[in-house]
Amino acid sequence: MAIVVAKIGAVLSNKALALERFLSSSSSSSSTGGRGLRVACISSPSPSTETGISRAQQRMVEAFNPEIPLAEAITPPSSWYTDPSFLALEFDRVFFRGWQAVGYTEQIERPHDFFTGRLGNVEFIVCQDTNGTLRAFHNVCRHHASLVASGSGQKSCFVCPYHGWTYGLDGTLLKATRITGIKNFKKDEFGLVPLAVATWGPFVLIRHDRHPVPHQNCCIKTVENEWLGSASNILSTNGIDSSLKHLCRREYTIQCNWKVFCDNYLDGGYHVPYAHGDLASGLNLDSYSTLIFEKVSIQRCEGGPTDKDGFDRLGSKALYAFVYPNFMINRYGPWMDTNLVVPVTTTKCHVIFDYFLDVSLLDDKVFIERSLEESERVQIEDIILCEGVQRGLESPAYCSGRYAPTVEMAMHHFHCRLHECLGRNDGPTTMGDEKGEEIVYLRPETGVADAWSRALYSRRGLSSFSRSFVCCPGDPIGYCILFRLLRQKKFFFRLGTGA
């Protein structure tokens with residue numbers, strides 16, 4: 001079908017009538033073969049506009065049903081773990097919204113301290129400026145996009161290694177080299193792009209949300225509520241605080257989807273007696289319990305008997321907290337270790353382990369070495385498991401599995417939370433991936449009011465909100481909604497096929 005583009009002005013009567021005749025003829029014309037009309041209301045682009053979701057992505061999300069009780073539920077399909085487009089959706093709707101743990105406070109405890117990191121396509125810097133203020137920025141020079149810093153350490157300023165543009169630790173552009181003769185250039189508009197940053201206990205958090213950051217440092221209570229919800233109290237009163245000293249960091253690259261690592265962590269100790277014999281001997285697995293909160297799940301277990309030589313790494317109890325979507329906090333005996341799992345590709349993730357220890361044991365080299373050796377053994381055993389699961393997920397023999405209802409509650413909670421975030425209809429649906437349907441695109445000049453669009457959807461009996469809907473032949477309510485849209489605002493609309 002030829003593309004027709006028209007501007008719907010304040011006076012719409014003639015054009016609305018013409019469109020009505022077109023729609024009527026389309027619905028009855030033999031040339032359409034009884035096809036429907038898909039209508040999409042697409043807001044004007046803005047810095048905060050989120051990526052839409054394709055039909056294929058929507059089908060993958062909807063393949064998991066969080067409403068089914070745990071005892072009857074089926075796990076998400078293997079496509080959640082193998083499809084590259086699904087990971088792109090996760091970055092947009094999971095990782096780039098809300099607080100993400102990125103480091104620990106000892107990394108930026110002094111003025112001029114900094115560290116860098118990456119999540120998806122976002123490169124970032126976290127630093128403490130000269131005045132002691134915590135800052136975070138996109139790690140991208142405003143000149144030609146080079147990274148301005150790498151690694152961690154101390155700097156008095158950030159000097160781009162490409163052309164020498166220099167930024168203060170507060171993000172301001174201090175020097176732009178060799179720009180004599182440049183026009184329409186305002187130096188104060190070319191500072192590093194800020195990110196919201198905060199701390200909770202020993203952890204550093206940032207937000208990647210795609211909107212301006214009015215204040216980089218955020219209220220601790222707001223952060224606590226948004227990141228941990230009602231689980232914050234039980235965590236802070238069970239030794240997850242800043243009293244322990246950071247000891248070391250271990251990093252692993254694992255050939256599996258990031259969620260495979262999370263699932264392994266969240267199976268309620270199910271795999272421990274089969275895969276971690278030494279660890280199982282130090283735990284009383286019959287005491288294992290799971291608590292579920294809004295964004296956090298906590299698994300608890302009592303310690304088992306100590307070794308014959310008196311060595312006791314785990315203590316009398318262990319607490320394993322999972323903070324959605326990808327951060328794990330393990331508190332046991334005098335130790336705390338954290339696991340941050342970062343997606344690299346659909347089938348590869350990077351896992352960062354940070355170890356913290358009670359200050360009274362920092363000089364006990366024998367205890368530290370043996371503890372780290374035991375922990376390393378568990379990690380290697382888990383890596384073998386996770387990589388094996390990923391290979392199985394890619395097999396044509398597997399699609400979905402089942403949950404063990406008495407132990408895998410936290411895993412199910414994780415999947416339900418993902419479904420909630422991935423299925424939010426707060427962006428346009430990508431059209432045109434189903435051939436043979438005629439599409440009407442509506443682009444309001446000033447945007448469509450969400451509340452009004454929700455009301456329209458309610459009239460059609462749809463339970464979820466999206467800025468798209470289908471007008472089928474002989475669907476007078478759908479056409480009525482379309483005309484109401486046209487009369488309420490000024491629109492550009494385009495008629496075309498979904499091919």
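**Exercise 1. Place Pro 76 in the fold and find what surrounds Pro 76.**

Step 1: Pro 76 sits in the loop that runs between helix H2 (55-62) and helix H3 (79-82). Helices here are DSSP runs of H or I with at least four residues, strands are E runs of at least two, and both are numbered from the N terminus. A word on the source: this is a predicted model, in which local features need pLDDT of at least 70 and side-chain atom pairs count only at pLDDT 80 or more, while totals for chains, interfaces and linings use all residues. Residues are numbered from 1 along each chain as its sequence is written, and side-chain values use heavy atoms, with hydrogens and water left out.

Step 2: Is Pro 76 buried or exposed? Its relative accessible area is 2%, so Pro 76 is buried (buried means under 20% relative accessible area, exposed over 50%, partly exposed in between, with a 1.4 Å probe and protein chains only).

Step 3: Now look for partners, taking contact as heavy atoms within 4.5 Å. Leaving aside neighbours within four places in sequence, Pro 76 touches Phe 64, Tyr 81, Cys 399, Ser 400, Tyr 403 and His 415. The C-alpha atom of Pro 76 is also 9.5 Å from that of His 412, although the two are 336 residues apart along the chain.

**Exercise 2. Describe how helix H4 packs with helix H11.**

Step 1: H4 (residues 84-95) and H11 (residues 409-422) pack at about 80 degrees, and their axes are 9 Å apart. Axes are lines fitted to C-alpha atoms, for helices over the stretch in contact, and angles run from 0 to 180 degrees between N-to-C directions.

Step 2: H4 is therefore roughly perpendicular to H11 (65 to 115 degrees; under 35 is roughly parallel, over 145 roughly antiparallel, and the rest oblique).

Step 3: H4 contributes Phe 86, Leu 89, Glu 90, Arg 93 and Val 94 to the contact, and H11 contributes Leu 418, Cys 421 and Leu 422.

**Exercise 3. Work out the sheet that contains strands E4 and E5.**

Step 1: In which order do the 4 strands lie? The open sheet runs E6-E5-E4-E7, with antiparallel pairing; two strands pair if DSSP finds at least two bridges between them.

Step 2: At the edges are E6 (134-138) and E7 (152-154), each pairing on one side only. Neighbouring strands are turned by 20 degrees against each other on average, direction ignored.

Step 3: E4 (residues 113-119) and E5 (residues 122-128) pair over 6 bridges. To check one, find Phe 114, whose bridge partner in E5 is Cys 127.

**Exercise 4. Compare salt bridges within the structure.**

Step 1: The structure holds 15 salt bridges, each a side-chain nitrogen of Lys or Arg within 4 Å of a carboxyl oxygen of Asp or Glu.

Step 2: Glu 226 and Arg 207 meet at 3.0 Å, N to O. Glu 226 belongs to helix H5 (residues 220-228) and Arg 207 to strand E12 (residues 203-207), 19 residues apart. Glu 226 is partly exposed at 30% relative accessibility.

Step 3: Lys 221 and Glu 224 meet at 3.4 Å, N to O. Both lie in H5, 3 residues apart, about one turn of the helix. Lys 221 is exposed at 58%, whereas Glu 224 is buried at 17%.

Step 4: In the bridge of Asp 354 with Arg 249, the closest N and O atoms are 2.8 Å apart. Asp 354 lies in strand E19 (residues 348-357) and Arg 249 in strand E13 (residues 245-254), so the pair ties together parts 105 residues apart in sequence. Asp 354 is buried at 5%, and Arg 249 is partly exposed at 31%.
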